[in-house]
Amino acid sequence: MSTFPINKFANIETPFYYYNVELLKETLECANKEAAKHDDYHIHYAIKANFNPKVLQIISAAGLGADCVSGGEVKAALDAGIAPEKIVFAGVGKTEKELRLALAADIFCFNVESLPEVELINELAAEYSRIARIAIRVNPGVAAHTHANITTGLAENKFGINYELLEETIGSIKNLKNVELIGLHFHIGSQILEMNDFAALCDRINEIQDTLESNLNLVLPNINVGGGLGIDYHQPAKNPIPDFSAYFDAYATNLKRRSGQQVHFELGRSLVGQCGSLISRVTYIKRGTCKQFAIIDAGMNDLVRPALYQAYHEIENLTADGTEQDVYDIVGPICESSDVFAKERSLPVMKRGDILAIHSAGAYGEAMAFGYNCRELPKAYFSTEL
Ligand code: LLP
């Protein structure tokens with residue numbers, strides 16, 4: 001699988017993120033091509049997955065919009081040249097400062113998550129003499145087949161407004177002069193590989209649209225279905241680009257669109273997940289009584305997904321000099337017992353100094369890195385620069 005410039009890596013201090021720019025561009029092209037097969041499909045890249053400025057530049061150049069969840073992300077999107085009219089802004093706790101930034105930029109739409117938030121947007125928009133466009137984030141009560149920490153569409157989640165309270169909420173905002181309700185927003189979770197989950201979301205959206213039409217005579221011009229398309233963490237070499245065709249088709253088949261209605265997608269992981277790897281060196285091989293550890297110089301602070309979600313990432317020894325295998329727990333140097341990348345993983349025999357690639361780390365990898373134990377944040381290198 002190695003398309004890595006290993007000879008170049010030899011001189012670079014580890015750990016670091018390595019991005020395959022060609023794969024990123026191919027993935028974006030494929031997503032754009034598949035979306036263009038349907039009328040009025042719009043992709044807003046979920047910046048939370050990876051906000052590295054160079055990654056954002058490439059995504060901006062590919063013409064995608066942005067899905068932001070903080071003022072910082074709105075700023076990052078604007079700095080990358082993404083047009084305000086392609087930016088949506090979600091989040092349960094948008095502060096006044098963040099709302100002002102987005103209002104001043106006149107972004108496309110605020111995905112609102114509570115009535116008090118709409119009231120504040122209304123008040124601030126008046127100050128800017130603007131009518132802020134809003135979409136209500138509806139909690140659809142649809143379960144997705146994914147890790148409990150990354151499902152968002154169930155009733156007990158903090159996200160969105162429960163669909164049973166939707167009509168009441170619409171009634172309460174009807175008289176606010178400085179907001180315009182332009183759509184509904186949904187998101188059921190992340191790392192979803194079952195197209196049936198998206199079909200179930202469509203069924204719920206259809207029900208909601210029918211109810212709004214019959215009870216309130218209301219048809220909204222935009223439906224934002226969120227993100228969530230997963231990637232193949234087990235076989236990244238075999239499946240470097242997710243099946244965007246099946247994903248968009250699931251919506252084309254199941255969502256009953258009203259005439260002229262736009263469909264918006266907020267894809268994060270599926271666009272950037274496979275283009276990034278975390279590169280690390282083996283510091284020590286330590287033998288225990290019944291297992292052996294490969295202690296590497298990357299830690300949970302560099303890539304938290306295995307520690308936080310028990311996530312699986314393929315690990316490759318880029319400098320293995322034989323085919324003989326052994327079994328290792330691959331762990332980092334952090335003073336936490338959850339600082340483990342893999343347990344009982346069979347890999348070609350490792351030795352101190354070997355260089356490993358932890359694959360599928362382009363999404364929620366660098367973006368979630370932190371400085372625990374006074375560790376430096378990992379640097380990033382791009383295939384086009386090495
Ligand atoms: N839209 C909304 C409202 C979201 O909450 C999310 C992700 C997305 C879009 C993008 O979802 P994606 O297409 O990337 O699945 N840190 C976790 C994932 C957290 C996802 C949070 N929300 C992980 O590493 O698996």
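Is Asp-40 buried, exposed or partly exposed? Start with this one, then work through the exercises below. The model is predicted.

**Exercise 1. Classify Asp-40 by its accessibility and describe its backbone.**

Step 1. Take the relative accessibility of Asp-40, which is 36%.
Step 2. Recall the cut-offs: buried is under 20%, exposed is over 50%, and partly exposed lies in between.
Step 3. Asp-40 therefore counts as partly exposed.
Step 4. Place the residue. Asp-40 sits in the loop between α2 (21-35) and β2 (41-46).
Step 5. Check the backbone. Phi of Asp-40 is near 55°, a positive value in a residue other than glycine.

**Exercise 2. Give the phi, the location and the exposure class of Asn-373.**

Step 1. Asn-373 is not a glycine, yet its phi is positive, at about 65°.
Step 2. The loop between β16 (355-358) and β17 (379-382) holds Asn-373.
Step 3. The relative accessible area of Asn-373 is 35%, so the residue is partly exposed.

**Exercise 3. Find the cis peptide bond that leads into Pro-15, and place Pro-15.**

Step 1. Look at omega from Thr-14 to Pro-15: it is near 0°, and the bond is cis.
Step 2. Pro-15 belongs to the loop between α1 (6-9) and β1 (16-19).

**Exercise 4. Describe how α7 and α8 pack.**

Step 1. Two packed helices are described by the angle and the distance between their axes.
Step 2. Helix α7 covers residues 166-173 and helix α8 covers residues 195-216; their axes come within 11 Å and cross at roughly 50°.
Step 3. That angle makes α7 oblique to α8.
Step 4. The handedness of this crossing is right-handed.
Step 5. List the contact. From α7 come Leu-166, Glu-167 and Ile-170; from α8 come Ile-208, Thr-211, Leu-212, Asn-215 and Leu-216.
Step 6. Sort these residues by type: 5 are nonpolar, 2 polar and 1 charged.

**Exercise 5. Repeat the analysis for α8 and α9.**

Step 1. Helix α9 spans residues 244-254, and its axis comes within 9 Å of that of α8, with a crossing at roughly 30°.
Step 2. Angles under 35 degrees count as roughly parallel. So α8 is roughly parallel to α9.
Step 3. The crossing of α8 and α9 is right-handed.
Step 4. On the α8 side are Met-195, Phe-198, Ala-199, Leu-201, Cys-202 and Asn-206; on the α9 side are Ala-246, Tyr-247, Ala-250, Tyr-251 and Asn-254.
Step 5. Sort again: 9 nonpolar, 2 polar and no charged residues.

**Exercise 6. Locate Glu-213, classify it and list its contacts.**

Step 1. Glu-213 is part of helix α8.
Step 2. Its relative accessibility is 33%, so Glu-213 is partly exposed.
Step 3. Set aside neighbours within four places in sequence. Glu-213 then contacts Leu-218, Val-219 and Arg-258.

**Exercise 7. Which residues have the most contacts inside the largest nonpolar core, and what surrounds Leu-184?**

Step 1. In soluble globular proteins, nonpolar side chains tend to be buried together.
Step 2. The largest nonpolar core here has 94 residues.
Step 3. Its residues with the most contacts inside it are Phe-110, Ile-136, Leu-184, Leu-271 and Ile-330.
Step 4. Now take Leu-184 and leave out neighbours within four places in sequence. Its contacts include Ala-135, Ile-136, Val-138, Leu-166, Ile-208 and Leu-212. Leu-220, Asn-222, Ile-223 and Asn-224 are also in contact with Leu-184.
Step 5. Another core, of 9 residues, lies apart from the largest one; among its members are Ile-12, Tyr-18, Ile-279 and Leu-318.

Definitions and conventions
Residues are numbered from 1 along each chain as its sequence is written. This is a predicted model: local features need pLDDT of at least 70, side-chain atom pairs count only at pLDDT 80 or more; totals for chains, interfaces and linings use all residues. Side-chain values use heavy atoms; hydrogens and water are left out. Axes are lines fitted to C-alpha atoms, for helices over the stretch in contact, and angles run from 0 to 180 degrees between N-to-C directions. Helices (H or I, at least four residues) and strands (E, at least two) are DSSP runs, numbered from the N terminus. Angles under 35 degrees count as roughly parallel, over 145 as roughly antiparallel, 65 to 115 as roughly perpendicular and the rest as oblique. A crossing is left-handed if the near helix is turned anticlockwise from the far one by less than a right angle, and right-handed if clockwise. Contact means heavy atoms within 4.5 Å. Ala, Val, Leu, Ile, Met, Phe, Trp, Tyr, Cys and Pro count as nonpolar, Asp, Glu, Lys and Arg as charged, and the others, Gly among them, as polar. A nonpolar core is a set of buried Ala, Val, Leu, Ile, Met, Phe, Trp, Tyr and Cys residues joined through side-chain atoms within 4.5 Å. Buried means under 20% relative accessible area, exposed over 50%, partly exposed in between (1.4 Å probe, protein chains only).
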